[in-house]
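Biologist: Please show me the model, and then I will ask about its sheet, its interface and its charged pairs.

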Amino acid sequence: MSGPAVSLDAVTRRFGGQAAVDGVSLEIAAGSFVALVGASGSGKSTLLRMINRLVEPDSGTVRIAGRDISAADPAMLRRGIGYVFQNIGLFPHMSVAENVAIIPRIGGKDDADVAALLDLVGLPVDYAMRRPHALSGGEQQRVGVARALAGQPGLMLMDEPFGALDPLTRDRIGASMRALHERLGLTTILVTHDMAEALLLADRVLVMARGQIVADASPRAMLSGEAGAEAAELVAVPRRQTDRLRALGA
Amino acid sequence: MIAALVALPPLVASHLLLSGAALGLALLVGLPLGVAASRRPHLGRVALGAASLIQTIPGLALLALFYPLLLALSSLVGGAIPALGFLPSLLALALYALLPILRNMVAGLRSIDPAVLEAADGVGMTLRQRLWLVEAPLAAPVMMAGIRTAAVWTIGAATLSTTVGQPSLGNPIFAGLQTENWVLVLAGCIAAAGLALAVDALLALVESGIARGRRGRIVAGLAPLLLALGGALAFTLAPARESVTVGAKNFSEQYILARLIADRLERAGYAVRYREGLGSAVAFRALAGGDIDVYVDYSGTLWTGPMGRSDVVPHGLMNAEIARWMAAGPGTGLVGSLGFENAYVLAMRRDAAARLGIASIGDLARAAPRLLLGADLEFLDRPEWAGIRRAYELNFRETRAYSPTFMYRALRSGQADVISAFSSDGRIAADRLTVLADPKGAVPAYDALLLVSPRRARDARFVGALKPLVGSIPVDRMREANYMVDRDRDKATPEAAARWLAR
């Protein structure tokens, strides 16, 4: 099993005359793990949110598995796409189990296997009856991932999902997301401003600036400087940090 | 005291029903409007602005405004809409309750973490699912606080519905205020406050149940409320004998006469209800519309008010003219004159009148520039005052308006030299006042007339039951009965005064 391919054709979105996404065309292969990197305001979140229609494009077409999503009912479309974002947004009045089971519930399907989903994201089963506020930030985001997976999506959209977590947790959840991607055969699109994270997790890294994609390469090509100036600048940051750390240790 | 308490239960039932219905209507309108307002900021500003504006209108005025409004609407659809009683009270109170409901609804919805709403959209909830599964439960505690505020306001303001003829706990308050029977006022106030506190406590239970997700608390709060409303409904709808409604304006004489009339009707086998505390302008229209069956009004009031006449005709011709006008126009019936007048007169302390040599308003004109006229709250704006001034060229050093009780005190203490009084007021005899003669006939006659609604005018049995009252009350008897109720010490209830009059 493999997640769907995603394609964008000349997609544009303006906010108050300013183009946040400016005529982007893009093919994302089925089953790939793509990272979308860029400074804040570069348009990467807007691009991601047009794929599940949380933002509607002004022009251009978005297709998932070859089908134009503007023809689909937005609510139905989103139930089939996993969406995880920085502020998590767990429903505070519901237990962990109710949060995880929300997509099957609103779709009128049988109850989700909450225990299996919690296990999948590495949380103990007895967390099911807790309230979200009783969990740490990392645990909350794991619940957020479990909630997104309960709809059995082929496509995962992640918008700075680890942005608010401490570095240790961030590293751990990043690794388990990559593992889930492999295990479930997902197509994953990850928005992040952290180039190191993108290089370590993704198969393909896209760099955005001023609403356009300015670099598109594999992590290896990025590191070797083949992806252009904008990419090289972003790659230089973690590289310099690594060098300094090494110098400190020596 | 005991009589006051016995009269309370039906009033509590009616008060509770009215408040419950008004709150229900406000919720029915306010909740959807609140949702729409929170989604569309422009609509929100307009709705909240309108609700705030309504809130600045005094409750009494809001009730009073609905009367002419409904009357006009009613005439459009052929008289199908009752302009007095339950409907105007319901509408005014519901409008009043709208602001706290709307404001807290919008505040509750806007206070929800945007991340939670993004997640709701992100997992694929429809707008309706988002509202019921996420927004409503999260906004509920703030919303409930608004509903509690609205409930307490509504129960308090419902006392004002007495003035448009809807029985409520305002009945004892207004009756007690007019007759200065403080036990009655207190009974009404305590009952209304108790009701408000009880409802607030039960809603607080519901609120904490919602906030903590305890279903038991919600049920424990709602069940007694629903039981009480159901009980009040059963109590009010319980089958009654054919009942007639006796109207009364808002002063002691009217309360006494209403009971005198009721006594005659009860002896004739009717069950009697009261609509008391009616404003002067409202009363006649209520009679013409059939909202009340019978009440006493005064020829001069009808002359200048509903008939819109400003000329003064010889006193003997007025009643015949009024009867003709009623038969031709509103269709109400004139049973007859009770035998006394309650006219506007000018009165002075006997010693002062003697010292200044004043016996008539003509004499007064000479001395007036040195004197202070104390008037009741409406006299100075009334056509009678304009007529007297014009006829006698009166110019006082100063005029000052008082509530009736304080007007008499001002005269007694010498603060005021002349007062506007009612000729049937018991205090004229008790304070030994000199009533100044009106040789030019500047004030129209104010015969107390027994009036019946159009339907009752054709009802021989009803009119027959009232006939014995015609010509049966000389002015000195009415003064004494009024004084029994108005005096400061050893007050009698209007019932007791009516019994004394009927003897």
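**Sheet, interface and salt bridges**

Modeller: In chain A, four strands make up an open sheet, ordered β2-β1-β4-β5, with antiparallel pairing. Two strands pair if DSSP finds at least two bridges between them, and helices (H or I, at least four residues) and strands (E, at least two) are DSSP runs, numbered from the N terminus. This is a predicted model, in which local features need pLDDT of at least 70 and side-chain atom pairs count only at pLDDT 80 or more, while totals for chains, interfaces and linings use all residues. Residues are numbered from 1 along each chain as its sequence is written, chains are lettered from A and ligands numbered from 1 in the order in which they are written, and side-chain values use heavy atoms, with hydrogens and water left out.

Biologist: Which strands of chain A stand at the edges of the sheet?

Modeller: An edge strand has a single partner strand, so one of its sides is left without a neighbour in the sheet. In chain A these are β2 and β5 (67-68).

Biologist: Which residue in β4(A) does S7(A) stand opposite?

Modeller: Strand β1 (residues 6-15) and strand β4 (residues 59-64) of chain A run antiparallel and are joined by five bridges. Opposite S7(A), in β4(A), stands R63(A).

Biologist: Is L26(A) buried or exposed?

Modeller: L26(A) sits in strand β2 (residues 18-28) of chain A. Beyond neighbours within four places in sequence, the contacts of L26(A) (heavy atoms within 4.5 Å) include V6(A), L8(A), R204(A) and I213(A). I213(A) is 187 residues away from L26(A) in sequence, but their C-alpha atoms are 8.9 Å apart in space. On the scale used (buried under 20% relative accessible area, exposed over 50%, partly exposed in between, with a 1.4 Å probe and protein chains only), L26(A), at 8%, is buried.

Biologist: How much area is buried between chain A and chain B?

Modeller: Buried area is the accessible area (1.4 Å probe) that two parts lose on being put together, summed over both. Here 21 residues of chain A are in contact with 16 residues of chain B. F91(A), H93(A) and I106(A) lose the most area to chain B within chain A, together 32% of what that side buries. Carbon and sulfur atoms give 69% of the total, which is about 1500 Å².

Biologist: Which residues form the salt bridge across the interface of chain A and chain B?

Modeller: A salt bridge is a side-chain nitrogen of Lys or Arg within 4 Å of a carboxyl oxygen of Asp or Glu. The rule finds one across this interface. Its closest N and O atoms are 2.3 Å apart, and its partners are R49(A) and E118(B).

Biologist: Which element gives the most residues to the side of chain A that touches chain B?

Modeller: Six residue pairs are in polar contact across the interface, both residues at pLDDT 80 or more. The elements of chain A that give two or more residues to this side are α2 (74-79), β6 (81-85) and α4 (102-106). With four residues, the one that gives the most is α4(A).

Biologist: With which side chain does the side chain of K249(B) make a polar contact?

Modeller: A polar contact is a pair of N or O atoms within 3.5 Å; within protein, one must be able to donate a hydrogen and the other to accept it, and residues adjacent in sequence count only if both atoms are side-chain atoms. K249(B) lies in strand β1 (residues 243-249) of chain B and is buried, with a relative accessible area of 3%. The partner is also buried, at 1%. The distance is 2.8 Å, and the partner is D297(B).

Biologist: How many residues apart are D297(B) and K249(B)?

Modeller: Their side chains also meet in a salt bridge, 2.8 Å from N to O. The pair links distant parts of the chain, D297(B) being in strand β3 (residues 294-298) and K249(B) in strand β1 of chain B; the separation is 48 residues.

Biologist: Where does D194(A), which meets R170(A) in a salt bridge, lie?

Modeller: The side chains of D194(A) and R170(A) come to 3.5 Å, N to O. D194(A) is partly exposed at 25% relative accessibility, whereas R170(A) is buried at 16%. R170(A) is in helix α7 (residues 167-184) of chain A, so the pair ties together parts 24 residues apart in sequence, and D194(A) lies in the loop between β8 (187-192) and α8 (195-201) of chain A.
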